[in-house]
Protein chains: 2
Amino acid sequence: MSGSNQKKQIIAEGPAIILAEPQLGENIGMVARAMANFGLSELRLIAPRDGWPNERANAAASGADHVIENVKVYDTIEEGIGDLKYVFATTARQRDMISTVHGPKKAAQLMRGWFNEGLPTGILFGRERWGLNNSEVALCDAIVTFPVNPGFASLNIAQAVLLMSYEWMTTRDDELATQSFAGSDLPPADRAELVGLINHFEEALDEVDYFYPPERRERMQLNLQSIFTHAQLTEPEIRTLRGVVSALQRRWANGRAKETAGNDDA
Amino acid sequence: MSGSNQKKQIIAEGPAIILAEPQLGENIGMVARAMANFGLSELRLIAPRDGWPNERANAAASGADHVIENVKVYDTIEEGIGDLKYVFATTARQRDMISTVHGPKKAAQLMRGWFNEGLPTGILFGRERWGLNNSEVALCDAIVTFPVNPGFASLNIAQAVLLMSYEWMTTRDDELATQSFAGSDLPPADRAELVGLINHFEEALDEVDYFYPPERRERMQLNLQSIFTHAQLTEPEIRTLRGVVSALQRRWANGRAKETAGNDDA
């Protein structure tokens, strides 16, 4: 089932595939091969265990050089998805958190729609051993799960990437997928701006001991993250909200300043 | 992306997967794993190079024991497909022979239809190196090809089986593949609660003279309103956000209180 097709057109477009802390070079290579088979080309690695470049990845890529040579490496997931407008997280298990869940075909159709509008998108895949944690999933717009056998769910990362890449390719000529999405005319903000807003909110709330008691902190943060993630905020909206938080923060500073000024006068 | 699901129902039904003269045990094992992931269970081997059973196949199957243990071995393709009513041949390349060609989804739908009628069916996969010859393809009812990148067509046998198995599973409950589940079952909150949140925000922002200069007040309020309106907030989310605003308001009050208390002490 292999062939040398150097002279034929290479399709190389579509969502970025982002691997969180991949361990095995073989897996990275097989992911690159899976992507190339179905026309994807942008592979991002978050803190790969064995560094980059990786000989074993090259070998397993079976000639998907255009993918391997353009791999980008990042330290954190936040950085790796910072410039993207829509990001889906793939997970093996259902999670008890508030998030939209898509099947692979639906996810690919949505991605195709955004792609046709010129918006950068990505699909985040978790670690070989334990996937993604809740706060990482909360950075993403929705979850993609695969309709696996309930009695035997053992998809590896390269297989999961293969299925998503395949579904991406099948939407290429799918009219349904090219329909526009409803909503504001503006696309959602970059993920980095969203993270900035969430961090800003958390900082302001930390200053007033909002996250109390400590054992509830993580859950409270997740709730906040998902509210803002699912709100599909645009760039101007994020600017507005950051202004709101700053204003509320300044108030306290001003309040203190006024009191202090009063004291000096007295 | 793996899990131990021993106690959950194992789906094991559907068309037989037939491998023509497979060479590598690893490939046989990965085929078994791919099948198990998507509910297929009947694996037939035509003259496997290294005989059967095969330790390397067992290892690569990652626990798909119910597939491995029931493998049947045949000497020829004719024998291996002899009892089947419909057989599809998968091929990487288009062939200049008169045969119907299906995409994987269409092929899976046809297979599902026959399966529902109680008819035994199978999907034949070629050799790792050179696939199937024309006379072998001619034994089959139709050809299945995959919509691969014309410039990079390098699907291996386990990947091809994975895609067919996946498409088989998606026909089980077509909705599974295309559906999206709203993460929360919760509908957006009542409009009144939304207005309450917006008013609360505006009140807090008025306290810090956020709406300045006055002629911009209306525009600024509209911006805020539309942010929260478009976010499709649920009732719990609105409660969370009101808690956030209250916390930020209290800070100011607390700040004043502390200063005042300090003054009293001095």
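## Strand pairing, aromatic contacts and backbone geometry

In the predicted model, Ile18(A) stands opposite Leu124(A) of strand β6(A). This pairing belongs to a parallel arrangement in which β1(A) and β6(A), the latter spanning residues 121-125 of chain A, are connected over 4 bridges. Strand β1(A) is also joined by 4 bridges to β2(A) (residues 43-46), again in the parallel sense, and here Leu19(A) is placed opposite Leu45(A). Strand β1 of chain A (residues 16-20) is largely enclosed by the rest of the structure, because 5 of its 5 residues are buried. Burial extends to both faces of β1(A): Ala16(A), Ile18(A) and Ala20(A) lie on one side, Ile17(A) and Leu19(A) on the other, and all are buried.

The loop between β1 and α1 (25-37) of chain A contains Glu21(A). The phi angle of Glu21(A) is positive, near 45°, in a residue other than glycine. With a relative accessibility of 35%, Glu21(A) counts as partly exposed.

In chain B, an open sheet of 7 strands follows the order β3-β2-β1-β6-β4-β7-β5, with parallel pairing. Its edges are formed by β3 (72-74) and β5 (101-102) of chain B, each of which pairs on one side only. Within this sheet, β4(B) (residues 86-90) and β7(B) (residues 142-144) run parallel and are joined by 3 bridges; Ala89(B) stands opposite Ile143(B) of β7(B). Two of the helices that pack on the sheet may be described by their strand contacts and directions. Helix α1(B) (residues 25-37) touches β1 (16-20) and β2 (43-46) of chain B, and its direction makes about 155° with that of β2(B). Helix α7(B) touches β1, β6 (121-125) and β7 of chain B, its direction making about 155° with that of β6(B).

Aromatic contacts were examined next. Over all chains, the structure holds 13 aromatic pairs. One of them is formed by Tyr86(A) and Trp114(A), whose ring centres are 3.6 Å apart and whose planes meet at 5°, so the pair is stacked. This contact links distant parts of the chain, since Tyr86(A) belongs to strand β4 (residues 86-90) and Trp114(A) to helix α5 (residues 104-116) of chain A, 28 residues apart. Tyr86(A) is buried, with a relative accessible area of 2%, and Trp114(A) is likewise buried, at 7%. A contrasting geometry is found for Tyr210(A) and Phe211(A): the ring centres are 5.2 Å apart and the planes stand at 80°, so this pair is edge-to-face. Both Tyr210(A) and Phe211(A) are buried. Residues of both chains contribute to one aromatic cluster, which is formed by Phe38(A), Tyr166(A), Phe38(B) and Tyr166(B).

Charged groups also sit over aromatic rings. In chain A, the charged end of Arg112(A) is positioned over the ring of Trp168(A), 3.6 Å from its centre. In chain B, the charged end of Arg112(B) is positioned over the ring of Trp168(B), at 3.7 Å from the ring centre. The side chain of Arg112(B) additionally makes a polar contact of 3.0 Å with the side chain of Thr171(B). Thr171(B) is located in the loop between α7 (157-170) and α8 (174-178) of chain B and counts as buried at 10% relative accessibility. Not counting residues up to four places away in sequence, Thr171(B) touches Ala108(B), Gln109(B) and Arg112(B).

Further backbone features occur in loops. In chain A, the peptide bond from Tyr212(A) to Pro213(A) is cis, with omega near 0°, and Pro213(A) is placed in the loop between α8 (191-207) and α9 of chain A. In chain B, the peptide bond from Tyr212(B) to Pro213(B) is cis, with omega near 0°; Pro213(B) is placed in the loop between α9 (191-207) and α10 (217-230) of chain B. Ser62(B), although not a glycine, has a positive phi of about 50°. Ser62(B) lies in the loop between α2 (55-60) and α3 (65-68) of chain B, where, at 35% relative accessibility, Ser62(B) counts as partly exposed.

Finally, Arg219(A) is found in helix α9 (residues 217-230) of chain A and is partly exposed, with a relative accessible area of 35%. The C-alpha atoms of Arg219(A) and Met30(A) are separated by 36 Å, the two residues being 189 residues apart along the chain.

Notes. Residues numbered from 1 in each chain as written. Chains lettered and ligands numbered in written order. Predicted model: local features only at pLDDT ≥ 70, side-chain atom pairs only at ≥ 80, totals over all residues. Heavy atoms only, no water. Phe/Tyr/Trp six-rings, centres within 6.5 Å; stacked < 30°, edge-to-face > 60°. Buried < 20%, exposed > 50% of the residue type's maximum accessible area, 1.4 Å probe, protein only. Lys NZ or Arg CZ within 6 Å of the ring centre and 35° of its normal. Polar contact = N/O pair within 3.5 Å; in protein donor to acceptor, adjacent residues only side chain to side chain. Contact = heavy atoms within 4.5 Å. Pairing = 2+ DSSP bridges. Axes fitted to C-alpha atoms, helices over the stretch in contact; angles between N-to-C directions.
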